[in-house]
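The following exercises concern helix geometry and aromatic contacts. Each task is followed by a worked solution.

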Amino acid sequence: MLAHRVKQIKSSNLIPSIFDPSNNNKLTTSKKEINDIFTKYYQELYTSNGLVEEQRLSDFFSSIKIPSLSEDQRSILEGKITLIEVKQAIGSLRVVYTDPMATVITNGIMSPSFSLSRGTRQGSPLSPLIFALFLEPLAIALRECKKIRGVDLGQEEHKTFLYADDILLISTNPEQAVPAISSIIDSFSVISGYTINWSKSEAMPISKLCPPVMRSSWHFKWMPEGLTYLGIKLTPGLDNIMKVNISPVIQNIRSLLQNWVKINLSLLGRINLVKMIIAPKLQYFLHMLPIAVPHNLLKLYNTCVEGFVWAGKKPLFNRSKLYAAKESGGLALQYLQVQGTAMGHRYAPSYGPMVRKNSLNLLTSSTITTPLSKSNMKCIRYSSYHPKDTFKGIIKSQIIRFYRISSKESDLQDSISVLFRSLRKRLTLVGFSEQLKVAHLQDSILT
């Protein structure tokens, strides 16, 4: 079955046919000819001079204001570089970029190597840095254009959001801004070779400032229900943006956990799996969208996660211990309700005094709830089957719980050490730590 599946995947990645531009666009199915066509294309792409009219280049850069360095920055850059730093820098660049070569692989056929005289190889660590520098003049031109009015928030006007080659533009005067944006990008395309397919570019009208009559003259792909940027579905209103983004993620999490619950994992293994794979799926949206998550969605997430942690069985101890910090004797599972509130409030100081109050209202105070007990001693005593006033019995009960959930002896020793360190900080244990030796307690547990 595995070999058959691998064969299917390989066959799906093959290029069955292609038009040959050097032979009157004749359709060819030969693997060798397909590889030659791709090799010729990439060889010309990475070795062409890419000449641009100097006057156009000069006109574009003279129309924008390139940021200048401060005196402190200039002094740092112009400071003396040691010989060791020079040798290290040259050595690193020489290894990676001296006479770079490339090959083209199609349908399992590898072409002969050819030299690269422009650009970088695929996956080069220098590529994103060069691209960021390359795209910055376009960002400056868009920010400085007076015909484009963005959104004022705090002390700044926001017009552009850039992440690599994903560009998001915001305008409150589309009738004047769209022609200006098109003109700037077209000018930049002439001098850089960086082109945009306008028919595939998406636009979302948010208010009545962009009526249907106005949209018909622009050849965008209009998305009145919302568009996706960096994996986040942006909607015209904020009422259901969290539901639209988080509901599919929670359904995916539920499906994954239903399959993974069949795997034989320890309790700590399940908790670590939630921390490393499941929780980050939601944390990304909580980090990027400072809006309160609907309570019913968080409740559904907690139900899915807790059901997976306990493998569908009865919990071994109180829920509060699952989320309590390790220093308090808990297992430190993330409580996303509190994390989401904290992530949202961190943006408030940058909004400015005029909108700070309104921005905080987006995060309802009811989300700041926690299952953790205020008293660590109450947390330890809760649901213990020993008499509540018997301190020694309470400690022994907690160590028995550690014994049940620990998959290795070292985990048990570490948990007991954390418990006693926490107790020493909060209680005066005169002679008590000597009476409760870990070895003695383990013997009593086993017997």
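**Exercise 1.** In this predicted model, locate the kink in helix α6 and relate it to the nearby proline.

*Solution.* The kink in α6 lies at Glu 136 and amounts to about 30°. Shortly after this position comes the proline Pro 137. Next, consider the extent of the helix: α6 covers residues 127-144, 18 residues in total. Its span from the first C-alpha to the last is 26 Å, close to the 26 Å expected at 1.5 Å a residue. Finally, turn to burial: Pro 137 is buried, as are Leu 135, Leu 138, Ala 139, Ile 140, Ala 141 and Leu 142 of α6.

**Exercise 2.** Classify the ring pair formed by Tyr 41 and Tyr 42.

*Solution.* A pair of aromatic rings is described by the distance of the centres and the angle of the planes. Ring centres must lie within 6.5 Å, and planes over 60 degrees apart count as edge-to-face. The count by this rule is 8 aromatic pairs. For Tyr 41 and Tyr 42, the centres are 5.1 Å apart and the planes stand at 75°, so the pair is edge-to-face. Tyr 42 has 31% relative accessibility and counts as partly exposed.

**Exercise 3.** Apply the same reasoning to Phe 220 and Trp 222.

*Solution.* The centre-to-centre distance is 5.9 Å and the planes form an angle of 65°; Phe 220 and Trp 222 are therefore an edge-to-face pair. With a relative accessible area of 23%, Trp 222 is partly exposed.

**Exercise 4.** Which residues form one aromatic cluster?

*Solution.* The cluster consists of Phe 131, Phe 134 and Phe 188.

Conventions. Residues numbered from 1 in each chain as written. Predicted model: local features only at pLDDT ≥ 70, side-chain atom pairs only at ≥ 80, totals over all residues. Heavy atoms only, no water. Phe/Tyr/Trp six-rings, centres within 6.5 Å; stacked < 30°, edge-to-face > 60°. Buried < 20%, exposed > 50% of the residue type's maximum accessible area, 1.4 Å probe, protein only. Helix = DSSP H or I, 4+ residues; strand = E, 2+ residues; numbered from the N terminus. Expected span 1.5 Å × (residues − 1). Bend = angle between axes of the 7 residues up to and from the residue.
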